[in-house]
Amino acid sequence: MAGPSDPGVSAARWKRHIVRQLRQRDRTQKALFLELVPAYNRLIEKAELLAQFSEKLQPEPTHVTRALLQGPWEEESGPDSDRVPSPAALRVKWQEEEEGLRLVCGEMAYQVVEKSAALGTLESQLEERQSRLAALEARVAQLQEAREKEAGQVGARRALNAAQRAAYEALRVHVGHQEAALRRLEEEARDLLDRLVRRKARAAAERNLRNERRERAKQARVSQELKKAAKRTVSISESPDTLGDGIREEADTLALAAEPLESEAGEKWKRPFRSASATSLTLSRCVDVVKGLLDFKKRRGHSIGGAPEQRYQSIPVCVAARLPTRAQDVLDAHLSEVNAVRFGPNSSLLATGGADRLILLWNVVGGRLEANQTLEGAGGSITSVDFDPSGSQVLAATYNKAAQLWKVGEAQSKETLSGHTDKVTAAKFKLTRHQAVTGSRDRTVKEWDLGRAYCSRTINVLSYCNDVVCGDHVIISGHNDQKIRFWDSRADGFRCGSDWTKAVFSPDRSYALAGSWDGALYIWDVDTGKLESSLRGPHCAAVNAVAWCYSGSHVVSVDQARKVVLWH
């Protein structure tokens, strides 16, 4: 079976078309001569009649002469004289008919000329149309070839589209499987991370409890030793002056360090150390023990699980602060205004930051400031600087919508904390060097995990932040609306959904339960204040109230979307 583009079928179609056109032309031309042919036929018939009539009239002149010779009386005597016309009448009649025939022939000749002219015009039009038809046939042939090429291209494109569609469907199915696998892995990672955090938290709590018990026992033992040492008097030879001076200075130091221990233990010593007294322990060891106790008080409650870490350097103990009375050193430190200054934990290292995008580190030596190092690479004016608890890192807030982190000893910034949409006005370390808090004019306060360099929490505020202060679980922020706000960093994501949100304690008073604005339930440990777990799922609106049954096995929560959920 031939296809639509078969050349034989196309040629037969065009032959039929040409035959139809020729037949149409024949009918049109025949219609022009339909009137001429009958008139011409009538003219021929009349000519034949006239020829026959002329033949009949050929012998009539002899009869006419005979009649004329007979005379008038013979004419009257003839019986058929009234029936035969006279030759003159016949001649006149013939002349009239001849004249009519001439007129008819002239008219017919004129019509023939007109029809010939019309026929010539039609023939010229036919030739023109035939030329146009030939041009159109050539154009149609070209278009047919182009159509065949386009049809071939369309077929190829359809095949290609079908192949691509099949590949797309395969990729979509593959992506669906991969996304499902990714979701499963993310859920497993979250579960593992939660379990790891809970395990580390439990280990840290147990370690802190053991350390606290150990330090309390150590403090009690040292207090007893100090009491015994205070009651004991030892005579020391005063001949070596240098030895006596050294013992006297150590005794004075021990007396100053012992006073807070006496107040904490609830006992008052009625007599100070004598300049020439000593204890069974050496004085240097007593001073070291007191410093260790004070350092324990500073570290207490802030340890975290995981590998042991040297989080603090030896920090000088301030027994009594002294009011400044005079300037010891004055320097033109920066190229522009200075916006921030901060001492390091050891009190001998100082950092300053200004509008010249530089952080200068200074050593405080003998009442003078000596240049130590210049930290470069800040993206904008420095608005705040801070040291981490170990004194090995410097955190600065800048006007380029980010906070930057430097390591002491390295001139270039090693990390940039990006995420704010306006100038960052404050940046402080928390009580560990792995966490920080920033405040910005974009009306947000952000908590950062420096180990992974990402924002772990964002707090939205109605006014832009000017400064922040960090505690163990509390963040204090000062704002442009002249308000100071306190934030509990343990309740990550928790926020009351209304002014009448209600919380409840567990029947054994070990846990506190409350609903949040996002439909989640938060459970805290009353003794440690830590967030034990958060429950999410059925609620899609703010939770208004919760209840804990007296048997402790069920919890019920209600929300603003008319839902009541029973938890087990």
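**Exercise 1. How many of the six residues of strand β10 (residues 435-440) are buried?**

Before the solution, a word on the model: it is predicted, so local features are taken at pLDDT of at least 70 and side-chain atom pairs only at pLDDT 80 or more, while totals for chains, interfaces and linings use all residues. Numbering runs from 1 along each chain as its sequence is written, and side-chain values use heavy atoms, with hydrogens and water left out.

*Solution.*
- Take the cut-offs: buried means under 20% relative accessible area, exposed over 50%, and partly exposed in between (1.4 Å probe, protein chains only).
- Strands are DSSP runs (E, at least two residues), as are helices (H or I, at least four), numbered from the N terminus.
- Five of the six residues in β10 are buried, and the strand is mostly covered.

**Exercise 2. Find the strands that pair with β10 and name the residues opposite Val-437.**

*Solution.*
- Two strands pair if DSSP finds at least two bridges between them.
- Strand β9 (residues 424-429) is antiparallel to β10, with five bridges joining them, and five residues lie between the two in a hairpin.
- On the β9 side, Val-437 is the bridge partner of Lys-428.
- Strand β11 (residues 444-449) also pairs with β10 in the antiparallel sense, over five bridges.
- On the β11 side, Val-437 faces Glu-447.
- The β10–β11 hairpin has three residues between its strands, and Arg-443 in the turn shows a positive phi of about 65°.

**Exercise 3. Describe the surroundings of Ser-440, a residue of β10.**

*Solution.*
- Start with exposure: Ser-440 has a relative accessible area of 0%, so this residue counts as buried.
- Next, look for a polar partner: the side chain of Ser-440 reaches the backbone oxygen of Lys-423 at 2.8 Å.
- Then list contacts (heavy atoms within 4.5 Å). Leaving out residues up to four places away in sequence, Ser-440 touches His-420, Asp-422, Lys-423, Val-424, Thr-425, Tyr-464 and Cys-465.

**Exercise 4. Which residues have the most contacts inside the largest nonpolar core?**

*Solution.*
- A nonpolar core is a set of buried Ala, Val, Leu, Ile, Met, Phe, Trp, Tyr and Cys residues joined through side-chain atoms within 4.5 Å.
- The largest such core has 13 residues, and Ile-359, Leu-361, Val-394 and Trp-406 have the most contacts inside it.
- Two or more residues each come from β2 (349-354), β3 (359-365), β5 (382-387) and β6 (393-398).
- The most are given by β5, with three residues.
- Another core, of 11 residues, lies apart from this one and includes Val-424 and Ala-436.

Technical notes:
A polar contact is a pair of N or O atoms within 3.5 Å; within protein, one must be able to donate a hydrogen and the other to accept it, and residues adjacent in sequence count only if both atoms are side-chain atoms.
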